[in-house]
Amino acid sequence: MQTPFQFVLNTIKVSFFTHLFWEHFYAVASCTGPSMLPTLNVAGDLILHSKLHSRGRGCKVGDLVSIIHPQDSSVYALKRIVGMPGDFVCVDPDPVTGGGTMIQVPEGHCWIVGDNLPHSLDSRKYGPIPLGLIRAKAIARLWPKMNWLDNSFKPIDE
């Protein structure tokens with residue numbers, strides 16, 4: 001049988017471990033909004049985030065990342081990386097002609113967009129996002145239907 005002191009000490013240990021795990025390794029967050037349709041639903045999805053990828057560590061083109069909103073630090077957004085430092089991206093792609101203005105993503109930044117372009121506020125509006133604003137990489141949808149959020153971007157064979 002535990003003494004009250006041992007019980008309090010064990011409770012503090014568990015709370016400390018849970019806090020460390022939640023802040024530095026993995027977290028679960030809800031996702032709302034139409035910008036990631038059809039990959040994610042408009043509301044109700046619970047997403048598992050890996051915080052091991054914060055600040056862009058190990059992230060690559062095609063990954064879904066959670067970022068701190070560049071204009072409001074109290075808001076988080078979930079978008080797909082389409083350009084890493086040094087990549088050339090099309091700022092305003094024309095769906096008919098395929099043309100548009102090209103820019104090179106600067107060092108220390110990435111280019112992010114939502115999967116549902118007409119309903120997404122992303123790098124097309126804000127410009128390149130500093131890698132330091134990346135909080136985590138989305139790795140799985142836990143609810144309503146569990147599935148891994150794999151990177152569907154494949155390199156083009158030359």
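What follows is a walk through this structure, from its overall layout to its strands, its cores and its surface.

Please keep in mind that this is a predicted model, in which local features need pLDDT of at least 70, side-chain atom pairs count only at pLDDT 80 or more, and totals for chains, interfaces and linings use all residues. Residues are numbered from 1 along each chain as its sequence is written, and side-chain values use heavy atoms, with hydrogens and water left out.

Let's start with the layout. The protein has 2 helices and 10 strands; helices (H or I, at least four residues) and strands (E, at least two) are DSSP runs, numbered from the N terminus. Along the sequence, these elements come in the pattern α-β-β-β-β-β-β-β-α-β-β-β. A box of roughly 75 × 35 × 35 Å, taken along the principal axes, holds the C-alpha atoms. Of the 158 residues, 34% are buried, where buried means under 20% relative accessible area, exposed means over 50%, and partly exposed lies in between (1.4 Å probe, protein chains only). Contacts are heavy atoms within 4.5 Å; among those between residues at least 6 apart in sequence, 53% join residues at least 24 apart.

Now to the strands. Two strands pair if DSSP finds at least two bridges between them. E3 runs antiparallel to E4, with 5 bridges joining them, and E3 is also antiparallel to E9, through 3 bridges. Val65 is a handy residue to click on: Val65 stands opposite Lys79 in E4 and opposite Lys137 in E9. Another bridge partner to find is Ala77 in E4, which pairs with Ile67. E4 in turn is joined to E7 by 3 bridges, again in antiparallel fashion, and here Ile81 has Ile112 in E7 as its bridge partner. Both E3 and E4 are mostly covered: 4 of the 5 residues of E3 are buried, as are 6 of the 8 residues of E4.

These strands lead us to the inside. In soluble globular proteins, nonpolar side chains tend to be buried together. The largest nonpolar core here has 11 residues, including Cys59, Val65, Ile67, Ala77, Ile81 and Ile112. A nonpolar core is a set of buried Ala, Val, Leu, Ile, Met, Phe, Trp, Tyr and Cys residues joined through side-chain atoms within 4.5 Å. Strands E3 (64-68), E4 (76-83) and E7 (109-113) each supply at least two residues of this largest core. Apart from it lies another core of 8 residues, with Met36, Ile47, Leu64 and Leu78 among them.

Next, have a look at Ala138, in strand E9 (residues 134-143). Ala138 counts as buried because its relative accessibility is 1%. Leaving out residues up to four places away in sequence, Ala138 touches Ile47, Leu48, His49, Leu64, Val65, Leu78 and Leu149.

Finally, the outside. The accessible surface comes to about 9,900 Å², and 63% of it belongs to carbon and sulfur atoms; such areas come from the Shrake-Rupley method with a 1.4 Å probe, and for residues only the protein chains shown count as cover. Trp22, in helix H1 (residues 4-24), is partly exposed because its relative accessible area is 40%. Trp22 joins Val28, Leu46, Leu142, Trp143, Met146 and Trp148 in a nonpolar surface patch, with about 710 Å² of accessible area together. Patches are made of residues with over 30% relative accessible area and no salt bridge (a side-chain nitrogen of Lys or Arg within 4 Å of a carboxyl oxygen of Asp or Glu); like charges are joined within 9 Å, and nonpolar side chains (Val, Leu, Ile, Met, Phe, Trp, Tyr) within 5 Å.
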